[in-house]
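Here are a few quick notes to go with the structure. Have a look at it first, then read the points in order.

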Amino acid sequence: KREIIKDRVFIDFRPMIINNRERFGDWEADALGRPQYSNGIIVGIVERLSRRLLLSKQTGKSYAMDGFKRMLNPYQEISQSITFDNGSENASYKQLNLPAYFCHAYSSWEKGSIENSFQRLRRFIPKKSSPANYTQQDLNDIMELMNNTPRKCLNYQTPNEIFNKHFNLQSGAFEG
């Protein structure tokens, strides 16, 4: 068997501080879409502590890492790790310069934050609909709505509220 993703570190070795959501700046990533049936995919990342979702439209699986890089770029100084599944689109994960962890095969529940976010995203983008039918602006509008919806797991704060509080503290910005 040929290993598609070289030098993977499985999720078993992910530190407990990440598993317990005790630290800000740990991300989960995934891709949505069926590139064999339509043009394009949607890639997403979720910050684990705040549950803040970022989305990017890409032309295909081979460009997924470009989307992840673009979304993480503004948050380089606070980003601590990222967790992926074993899709071939994640083979060039080293480009992100972050500690990366991988789920076991057929165990998508091991990256539950992004799976839950994509399940919520399905309210706006139904299964079998083509990502080609959605613009980046559509995705931005969906993100805005999802990230500004209070969540019980966040003590009825929004993902944006939690994210911005921690981001401002970590980056040394003054929150006024």
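1. Keep in mind that this is a predicted model. The protein has 5 helices and 5 strands, and going along the sequence they come in the order α-β-β-β-α-β-β-α-α-α. The radius of gyration is 16 Å, close to the 16 Å that the globule rule gives for 176 residues, so the protein is as compact as a globular protein of that length.

2. On overall dimensions, the C-alpha atoms fit a box of roughly 50 × 35 × 25 Å along the principal axes. Of the 176 residues, 47% are buried. If you take contacts between residues at least 6 apart in sequence, 60% of them link residues at least 24 apart.

3. Now the surface and the charges. About 9,700 Å² is exposed, with carbon and sulfur atoms supplying 49% of that. There are 25 positive and 19 negative charges, and their mean positions lie 6 Å apart.

4. Strand E2 (residues 41-47) deserves a look: 7 of its 7 residues are buried. That goes for both faces, with Ile 41, Val 43, Ile 45 and Glu 47 on one side and Ile 42, Gly 44 and Val 46 on the other.

5. Who are the neighbours of E2? Strand E1 (residues 26-32) runs antiparallel to E2 and is joined to it by 6 bridges, and E2 also pairs with strand E3 (residues 53-58) in the antiparallel sense, over 6 bridges. Ile 42 of E2 is the bridge partner of Leu 32, and in E3 Ile 42 has Lys 57 as its bridge partner.

6. One last detail: the hairpin of E2 and E3 has 5 residues between the strands, and Arg 51 there takes a positive phi near 65°.

Note on methods
Residues numbered from 1 in each chain as written. Predicted model: local features only at pLDDT ≥ 70, side-chain atom pairs only at ≥ 80, totals over all residues. Heavy atoms only, no water. Helix = DSSP H or I, 4+ residues; strand = E, 2+ residues; numbered from the N terminus. Rg over C-alpha atoms; globule rule 2.2 N^0.38 Å. Buried < 20%, exposed > 50% of the residue type's maximum accessible area, 1.4 Å probe, protein only. Contact = heavy atoms within 4.5 Å. Areas by Shrake-Rupley, 256 points an atom, 1.4 Å probe, with all protein chains shown as cover. Lys, Arg positive; Asp, Glu negative; His and termini not counted. Charge placed at Lys NZ, Arg CZ, Asp CG, Glu CD. Pairing = 2+ DSSP bridges.
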